[in-house]
Amino acid sequence: MTVGLSVLAAIGIALFITVNLSPLFIHVPSQRQIGLSPQQVRADYWRLIFYLQQPWPGQLQLRNIPLTTQAINHFGDVRRLLLIGEAVGFISLVGVLRLLSRQKRQGQLLRVLLPLKWLMYLLVMVAWLPLVNFSTDFIHFHQFVFHNHDWIFVPHRDPIILLMPERFFWHLLVILVILILGLLGILWGWLAIQLGLLKLRPDKTNNRWNQGHNDDRQNDN
C-alpha cells in the first residue's frame, strides 16, 4: 500500500509541476501568423493554465485568442482530469507520510524499500516506450481518455493549438517521467539513509581511530 500510494503521490506532484512549467515550452507563433504579439499570446496561455487548475467552477475566457465551443469543452475535460489527478496525488502524499511515520516507528521500512526499488527498475525499463513512439501513442491516449472528437483542433478555427505542437507535449512527457522517477528516487534515498544503507556523514569511529593513529605517529617522531 505504501509503495502504491507513493507512486500516486509522485504522479500527482509531477503532474502539478509539469503543468506549471509548460509555459516554458510553448511555441509562440509570429504576429503575422496569429495576429497577436508574443506578450498577448503568453498572457492568454497563463489564463488557460490558471483555468485548468482552479478547483472552483468557472468558464474559460481568453482575452485575445478565440476559442470555439469544441475547444472550450475539451479544455473542460482536461481540467477535470488534471484536478482529479492532482487531488489523488496530494491525498496519497498525506497517506504516504502517515504510513512511513508508522513503519519507521515499527522498524518496517525495509519492507517498503525492496518493492520500491524493483518498481523503479520496472519504470526505468518501460518509461522510454511512449517517448519513442510518441505520435501514435499520443493519438491512442486521446482516443482512450476522451470519448469525443473535441480534442481534434483545426488551427484556423482554434489557433491556440499553434502554441502546442507535438514536440510541446513530448517535452512535457519527458519532464513528467523525470519528475516521477526523481521523486521516487528521493523516497528511495530517504529510506536507504534511514536503514543505514547510505551514509551522508563520514564514520566518526573511523575518524577518531585515524586521528589517534596520527597522534601516535607524531609522538614517536
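These are my notebook entries on the fold and the pockets of this structure.

**Entry 1, the chain.** I began by noting that I am reading a predicted model. I looked up the secondary structure of the protein chain and found 9 helices and 0 strands, which read along the sequence as α-α-α-α-α-α-α-α-α. I then checked burial, and of the 221 residues of the protein chain 33% count as buried. The surface that the protein chain exposes comes to about 14100 Å², with carbon and sulfur atoms supplying 62% of it. Among contacts with a separation of 6 or more, I noted that 77% join residues 24 or more positions apart.

**Entry 2, the largest pocket.** I next looked up the largest pocket, which holds about 1300 Å³ of space and has a lining of 38 residues. Nearest its centre I found Val78, Phe138, Phe141, His142 and Phe169. Sorting the lining by class, I counted 31 nonpolar, 5 polar and 2 charged residues. At least two lining residues come from each of helix 1 (2-21), helix 3 (38-53), helix 4 (69-105), helix 7 (134-145) and helix 8 (166-194), and helix 7 gives the most, with 8 residues.

**Entry 3, the second largest pocket.** I then turned to the second largest pocket, whose volume is about 190 Å³. I read through its lining, which includes Ser6, Ala9 and Ile13, together with Leu93, Val96, Leu183 and Leu187. Two or more of the lining residues come from each of helix 1, helix 4 and helix 8. By class, I recorded 10 nonpolar residues, 1 polar residue and no charged residues for this lining.

Definitions and conventions
Residues numbered from 1 in each chain as written. Predicted model: local features only at pLDDT ≥ 70, side-chain atom pairs only at ≥ 80, totals over all residues. Heavy atoms only, no water. 1 Å grid on protein atoms, 1.4 Å probe; cavity = no way out; pocket = protein on both sides within 12 Å on 5 of 7 lines; lining within 4 Å. Points joined across faces, edges and corners; volume = space filled by probe spheres on them. Helix = DSSP H or I, 4+ residues; strand = E, 2+ residues; numbered from the N terminus. Nonpolar A, V, L, I, M, F, W, Y, C, P; charged D, E, K, R; others polar. Buried < 20%, exposed > 50% of the residue type's maximum accessible area, 1.4 Å probe, protein only. Contact = heavy atoms within 4.5 Å. Areas by Shrake-Rupley, 256 points an atom, 1.4 Å probe, with all protein chains shown as cover.
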